[in-house]
Amino acid sequence: MSSPVECGTMAQVVSSPSTRVMETYVMKCSSEKRALDTYHLILAPSFGCNLRCKHCYLPDHDAAGLAVEDVLRLMEEWSEIVVAERGPMGGIFHLKGGEPLMLSYMDDVLERLAELKTLRFMMTTNGILGDWDVIERLDRLNVVLDGGVQIIVSIDGSNDAINAKLRGTGNFEKAVAFVRGVREAGVTVFLNNVIHRGNLDDIEAFVALALELDAAQVNFLSFVPKGQGEEMCFGRPNPLEVFERIDAIWKRGDERIRSLLAGSLSDILHNESCGICTSRECVGGYRGLLYIVPDGTAYSCPNLNHAGLEAGNIHERALAAIHDAMLRKVYAKVRTPEDDMRDRYSCKGEKQLPNSSEFLKGDFVAIQKFLSQSGNDQGSSYCFNRNW
Ligand SMILES: C[S@@+](CC[C@H](N)C(=O)[O-])C[C@H]1O[C@@H](n2cnc3c(N)ncnc32)[C@H](O)[C@@H]1O
Ligand code: SF4
């Protein structure tokens with residue numbers, strides 16, 4: 001266990017909603033409040049994509065989706081909620097998909113964000129279609145938002161052969177070129193890397209790549225067997241083994257490496273090592289966290305989009321009403337019972353997997369046993385899966 005630290009000193013530069021520059025990002029809050037510190041709306045306006053990754057959790061890659069008017073209205077509604085409850089720049093508008101760089105109305109979205117000047121912008125992309133024109137537009141928005149743009153690029157290996165196991169041959173260099181271009185423009189880049197049984201040995205090399213590319217953060221995501229990726233041949237690795245490998249890097253890492261691993265379980269455990277507080281549950285179902293899919297259905301997050309966990313539909317109700325219903329319609333169904341601290345480091349979405357195998361359940365027990373801290377119930381809540 002790492003040496004004690006003052007509570008709340010995670011490897012992130014920003015946790016206060018009023019701070020503009022966000023070097024790293026950890027989705028967190030006090031469990032008592034059941035509302036994210038920094039609000040976060042994730043929008044998949046379409047599932048259309050230029051790739052067909054083997055692990056992809058989406059149900060399809062249908063290009064149909066929300067019209068530009070719906071998206072612009074949604075941004076305005078979200079801006080009003082964020083400003084009222086968290087202040088200007090206290091919330092994120094996060095474009096995801098499918099592949100956001102395929103959106104025909106991307107320019108309109110970026111322009112409206114620049115006009116509003118109230119929301120931070122995040123985008124998760126495979127980076128393949130990211131040319132200089134795109135980079136220039138992101139750069140302009142980043143200047144207007146005073147550094148409030150974070151681009152997350154998904155790369156699943158430190159070289160083309162490993163990345164190709166999920167993402168197909170020849171895509172590594174294209175994604176890396178995009179990352180370099182975005183960094184040259186001075187825009188913050190995070191990397192997403194999905195850990196599966198075919199890239200476990202690559203974690204250390206991937207951290208080295210992230211440093212070389214000057215990424216601010218690496219999100220190692222656990223592979224979730226669902227959607228098109230349900231049968232992915234490499235399968236889900238033992239989460240305890242994944243944790244131990246990342247933790248070894250974290251423990252011998254310098255400040256830069258620890259900052260790169262902001263929001264990882266190691267970072268969270270380090271934060272808790274003061275002995276005062278402990279994790280209470282994941283943030284699934286909390287106020288301030290929304291995931292909206294192409295047909296307009298709003299869920300809490302991409303891992304909690306199971307049937308029965310809908311908070312509403314933007315074609316039928318105002319976003320404020322959907323947001324107000326989140327605790328009642330979602331949280332109440334997925335919350336961790338007060339007296340049950342056994343799986344407080346688990347993603348509620350993974351726990352809800354309808355076809356959760358005995359293998360998965362066994363995994364949870366093993367990692368919870370390992371992680372459980374002796375702190376009292378002054379809990380914080382985090383996103384443990386980080387699949388945003
Ligand atoms: C669905 S993609 C959409 C954005 C973009 N197309 C991309 O690949 O970054 C968003 C993120 O989810 C990750 N992802 C997809 N399927 C997953 C799965 N089965 N388990 C965990 N993460 C997954 C992707 O690797 C990516 O980082
Ligand atoms: S993970 Fe992203 S890039 Fe890959 S198929 Fe899914 S949406 Fe497309």
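## The chain as a whole

How many helices and how many strands does the secondary structure of the chain come to? In this predicted model, the tally is 12 helices and 12 strands.

The chain has 388 residues, and 50% of them are buried. Let's turn to its contacts. Taking those with a separation of 6 or more, 75% join residues that sit 24 or more positions apart.

## A look at helix 1

Helix 1 covers residues 68–86, which is 19 residues. Its expected span is 27 Å, because each residue should add 1.5 Å and the span counts one less than the number of residues. The C-alpha atoms at its two ends are 26 Å apart, in agreement with that expectation.

Which residues of helix 1 are buried? They are Val71, Leu74, Met75, Trp78, Ser79, Ile81 and Val82. The partners that the buried residues of helix 1 pack against include two strands, strand 2 (35–43) and strand 3 (91–95). Helix 2 (106–116) and helix 10 (319–334) are also packed against by these buried residues. Just after helix 1 comes Gly87, with a positive phi near 85°.

## Around ligand 1

If you are curious about the ligand, here is its shell. Ligand 1 is surrounded by 19 residues, and the closest are Tyr57, Ser154, Asn192, Val224 and Gly229.

Which strands each supply at least two residues of this shell around ligand 1? Strand 4 (120–125) and strand 6 (188–195) both do. Sorted by class, the shell holds eight nonpolar residues, nine polar ones and two charged ones.

Key
Residues are numbered from 1 along each chain as its sequence is written. Chains are lettered from A and ligands numbered from 1 in the order in which they are written. This is a predicted model: local features need pLDDT of at least 70, side-chain atom pairs count only at pLDDT 80 or more; totals for chains, interfaces and linings use all residues. Helices (H or I, at least four residues) and strands (E, at least two) are DSSP runs, numbered from the N terminus. A residue is buried if 20 or more other C-beta atoms lie within 10 Å of its own, exposed if 12 or fewer, and partly exposed in between; C-beta atoms are placed from the backbone. Two residues are in contact if their C-beta atoms, placed from the backbone, lie within 7 Å. A residue is near a molecule or strand if its C-beta atom, placed from the backbone, lies within 6 Å of it. Ala, Val, Leu, Ile, Met, Phe, Trp, Tyr, Cys and Pro count as nonpolar, Asp, Glu, Lys and Arg as charged, and the others, Gly among them, as polar.
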